[in-house]
Amino acid sequence: MRRDEFTEIRAFLEVAKERSFTRAASKLGVTRSALSHTVSALEERLGIRLLSRTTRDVAPTAAGTRLVESIQPHFESIAAGISALGALRDRPSGLVRLVCPDDAAELVFRSRLPAFLRDYPDITVEIIVDNGFTNIVERQFDAGVRLGEAIARDMVAVRLGPDVSYAVVGSPDYFAGRVMPTTPQDLTDHNCVNLRLPTSGALYAWEFEKDGSEFSVRVEGQLVLSNMEPAIDAALDGVGLAYVPKDLVRRYLDSGELREVLADWMPTFQGYHLYYPSRRHPSPAFSAFVEAFRYRRR
């Protein structure tokens, strides 16, 4: 393959993945116009349109989709082979790309990442915070992070931490003049901070458990958010009740800035897990990352 052909195909794959010339150009370090010219040259050479372009969207045509499916695995193998060369060095090197929800970024990575970066100065870690169910293969992430219950069975799953408990919390100012809920059904009388699920677009139904029975309650309130940290801030500000991982608010519970209710009704979820395709050959850098963050019970 000539160098210009390799460049054209790489450019096309990046645009097809990002569905945007602007974002793809930024990742490739070229101008948007240069990238558009490169892709057009590939289409002209092949004699077929690979991308459907509108003023608002870019998407592969049927021919483009077929080309992506046929050549993308080979490009991934090339990248894996180059990364594997790091094994010949004295220490692992390269890029590790992850996607995770905002609560995992805080609870899993914030306290442990500095030591890892210090121990492996030749490894770069890119963490994208996304609360949706991201397709890690399509977006070329090395791995994703989810609670254990949400991981597909065809993925390799590595536990990163202990089981996770949630809490319903509110501020003393919010509870002033209000009757605290004693059952989940009492939440209908309260202003609750809802969480919008980015993948489905639905509002998250708060989950509860009692005497082995699991159920969900759809709550109502004036505020809808898409991230945990703003929900905690809203609870601290007295806006309403929030349903959040307990470890994220433990310091506020200890200080009295927040109060927990319905503690006897709260379920425990499998802890955060790192997940990645079983068919992917891990690079030395990724293997070092997995071993460093693997949860070891004490």
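User: In this predicted model, is Thr134 buried or exposed, and how is that decided?

Analyst: A residue counts as buried when its relative accessible area is under 20%. Thr134 has a relative accessible area of 8%, and it is therefore buried.

User: Where along the chain is Thr134 found?

Analyst: Thr134 lies in a loop, which connects strand S4 (123-129) to strand S5 (143-147).

User: Which residues are in contact with Thr134, apart from its neighbours within four places in sequence?

Analyst: Those residues are Val99, Arg139, Phe141, Arg146 and Tyr275. In addition, the side chain of Thr134 makes a polar contact of 3.1 Å with the side chain of Asp130.

User: How should one read the arrangement of helix H8 and helix H9?

Analyst: One considers the approach of the two axes and the angle at which they cross. The axes of H8 (residues 228-236) and H9 (residues 246-255) come within 11 Å, with a crossing angle of roughly 25 degrees. Angles under 35 degrees count as roughly parallel, so H8 is roughly parallel to H9. Their crossing is right-handed.

User: Which residues make the contact between H8 and H9?

Analyst: H8 contributes Met228, Glu229, Ile232 and Leu236, while H9 contributes Leu248, Val249 and Tyr252. By character, 6 of these residues are nonpolar, 1 is charged and none is polar.

User: What does the protein chain comprise in secondary structure, and how much of it is buried?

Analyst: The chain has 10 helices and 15 strands. Of its 298 residues, 43% are buried. Among contacts between residues at least 6 apart in sequence, 74% join residues at least 24 apart.

Conventions:
Residues numbered from 1 in each chain as written. Predicted model: local features only at pLDDT ≥ 70, side-chain atom pairs only at ≥ 80, totals over all residues. Heavy atoms only, no water. Helix = DSSP H or I, 4+ residues; strand = E, 2+ residues; numbered from the N terminus. Buried < 20%, exposed > 50% of the residue type's maximum accessible area, 1.4 Å probe, protein only. Polar contact = N/O pair within 3.5 Å; in protein donor to acceptor, adjacent residues only side chain to side chain. Contact = heavy atoms within 4.5 Å. Axes fitted to C-alpha atoms, helices over the stretch in contact; angles between N-to-C directions. Parallel < 35°, antiparallel > 145°, perpendicular 65-115°, else oblique. Left-handed = near helix turned anticlockwise from the far one by under 90°. Nonpolar A, V, L, I, M, F, W, Y, C, P; charged D, E, K, R; others polar.
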